[in-house]
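Here's a quick tour of a protein model for you to follow on screen. Keep the 3D view open and click along as you read.

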Amino acid sequence: MGAETGIGLRETTRTRVTIADVSDALGLTKSTVSRALNGYPDISESTRARVRAMAERMGYRPLSHAQAIKTGRARSLGLVIQMADHDAHRPFLAEFLAGISRGASAEGWTLTVATSTSEADTLEVMQNLTADRKADGFILPRTEVRDARVAMLRDRHIPFVLFGRTADAEGCAWYDILGEEAMARAVDRLHGQGHRRIGFVNGGRRYFYSLKRREGFEGAMTRLGLTPAGVVEDAVTAEAGAEATRTLLARKDPPTALVFAVEAAAIGAYRAAAERGLTIGRDLSVISYDGLSEGAKTDPPLTTFEVDFDTAGARLSHLLIRRIRGEAPEDLRETVPARLREGASDGPPPLAIQR
């Protein structure tokens, strides 16, 4: 069964500012201030912003148990991390959690983090957190093409927001990075450098991001009149990335450049290239996606499309709070482009095969 921890707001020891103090300072009724702070749609956005600003200036913080009794909400966002996932322990998780917590705290909410050991355990943990009133809704990272978490939460009318997208978008709010656009930009960059034999190493096929990133890669290749120099699926670790690179380099006409959907797999390409006496960036170009710190430490540093995980966490918390307050999921969908971080892992193909 999963473990959980609460990440909340720090309380001061001074006399608490009450909702009456805020209403007196603004010349509004306590009811108006209360409804503004709780995001009721009958209060204008300008009034809500004015009330929130005054509450923040005065140091007003609602008593969580009183809020729970009044609204039926714990004012807590839930996140369940499945520890068996390939990236459950990655360094970006700290940035992601910090962003979610920051976004929640800005609205007087907290974050409850739990862990699970399997998909079935994840579903049980989410149901228990909801039943115990420890979470009002959930952020779902690493979404799958057919996601059991989405099906369960949707059936039970429990609010959620995806960090990603999924095949069945009905009732789904999300914040996502346009990985398909990044893959297309990677192909365009390599084509501009002179590459014509470009291979693709994708992530796990169960994940929706893999479907979109392959679409982006293949769409760009078709637009440029190119045929992929091999495609390998399901590479999410350095070991799998090394094996995928070996497979592609063993082709009769091996690629001169590789696009990786997952950065951990791209790191494995360095070992496979070295086994053949190839130098990354000179004999074989590589562009990846994720922007992890490990990629910046490779020799040469990886050219990659990076994700701002802190900002993603903050936006997800904001969208989930709005969803919990009753906004339609179709109005809570945001996508942003990844940012190119130029390294030295890509460049023109070797002179001997340029054409």
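## Helix α13 and the big picture

Let's start with helix α13, where the buried residues are Phe309, Ala312, Gly313, Ala314, Leu316, Ser317, Leu319, Leu320, Ile321 and Ile324. Buried means under 20% relative accessible area, while exposed means over 50% and partly exposed covers what lies in between (1.4 Å probe, protein chains only). Helices (H or I, at least four residues) and strands (E, at least two) are DSSP runs, numbered from the N terminus.

Before going on, bear in mind that this is a predicted model: local features need pLDDT of at least 70, side-chain atom pairs count only at pLDDT 80 or more, and totals for chains, interfaces and linings use all residues. Residues are numbered from 1 along each chain as its sequence is written, and side-chain values use heavy atoms, with hydrogens and water left out.

**The whole chain**

- The protein chain's secondary structure adds up to 13 helices and 13 strands.
- Of the 355 residues in the protein chain, 51% are buried.
- Take the contacts (heavy atoms within 4.5 Å) with a separation of 6 or more: 70% of them in the protein chain are between residues 24 or more positions apart.
- About 15,900 Å² of the protein chain is exposed, and carbon and sulfur atoms supply 51% of that. These accessible areas come from the Shrake-Rupley method with a 1.4 Å probe; for residues, only the protein chains shown count as cover.

**More on α13**

- How far apart are the end C-alpha atoms of α13? They are 22 Å apart, which agrees with the 22 Å that its 16 residues (309-324) should span at 1.5 Å a residue. The expected span is 1.5 Å times one less than the number of residues.
- At the start of α13, the backbone nitrogen of aspartate 310 has a side-chain oxygen of aspartate 308 within 3.3 Å.
- Just after α13, glycine 326 has a positive phi of about 110°.

**Helix α6**

- Helix α6 (residues 119-131) passes the ruler test too: its 13 residues should span 18 Å at 1.5 Å a residue, and its end C-alpha atoms are 19 Å apart, which agrees.
- The buried residues in α6 include Asp121, Thr122, Leu123, Val125, Met126 and Leu129.
- Look just after α6 and you'll find arginine 133 with a positive phi of about 55°.

**The six-stranded sheet and β7**

- Six strands line up as β8-β7-β9-β10-β11-β13 in an open sheet with mixed pairing. β8 and β13 (339-341) stand at the edges with a single partner strand each, so one side of each has no neighbour in the sheet. Two strands pair if DSSP finds at least two bridges between them.
- Strand β7 (residues 198-201) is covered on both faces: Ile198 and Phe200 are buried on one side, and Gly199 and Val201 are buried on the other.
- β7 runs parallel to strand β9 (residues 257-260), joined by four bridges. Phenylalanine 200 sits opposite valine 259 in β9, and valine 201 has phenylalanine 260 as its bridge partner there.
- β7 also runs parallel to strand β8 (residues 231-232), this time with two bridges. Here valine 201 stands opposite valine 232.
- β7, helix α9 (residues 208-223) and β8 form a right-handed β-α-β unit. Right-handed means that, with the strands pointing away from you, the path from the first strand over the helix to the second runs clockwise.

**Glutamate 233**

- Find glutamate 233 in the loop between β8 and α10 (238-249).
- Is glutamate 233 buried or exposed? It counts as buried, because its relative accessibility is 19%.
- Its side chain makes a polar contact with the side chain of asparagine 202 (3.0 Å). A polar contact is a pair of N or O atoms within 3.5 Å; within protein, one must be able to donate a hydrogen and the other to accept it, and residues adjacent in sequence count only if both atoms are side-chain atoms.
- Leaving out residues up to four places away in sequence, glutamate 233 touches Asn202, Gly203, Arg205 and Arg214.

**Strand β4**

- In strand β4 (residues 137-141), five of its five residues are buried.
- Gly137, Ile139 and Pro141 point one way from β4, and Phe138 and Leu140 point the other way.
- Three bridges pair β4 with strand β2 (residues 76-82) in the parallel sense.
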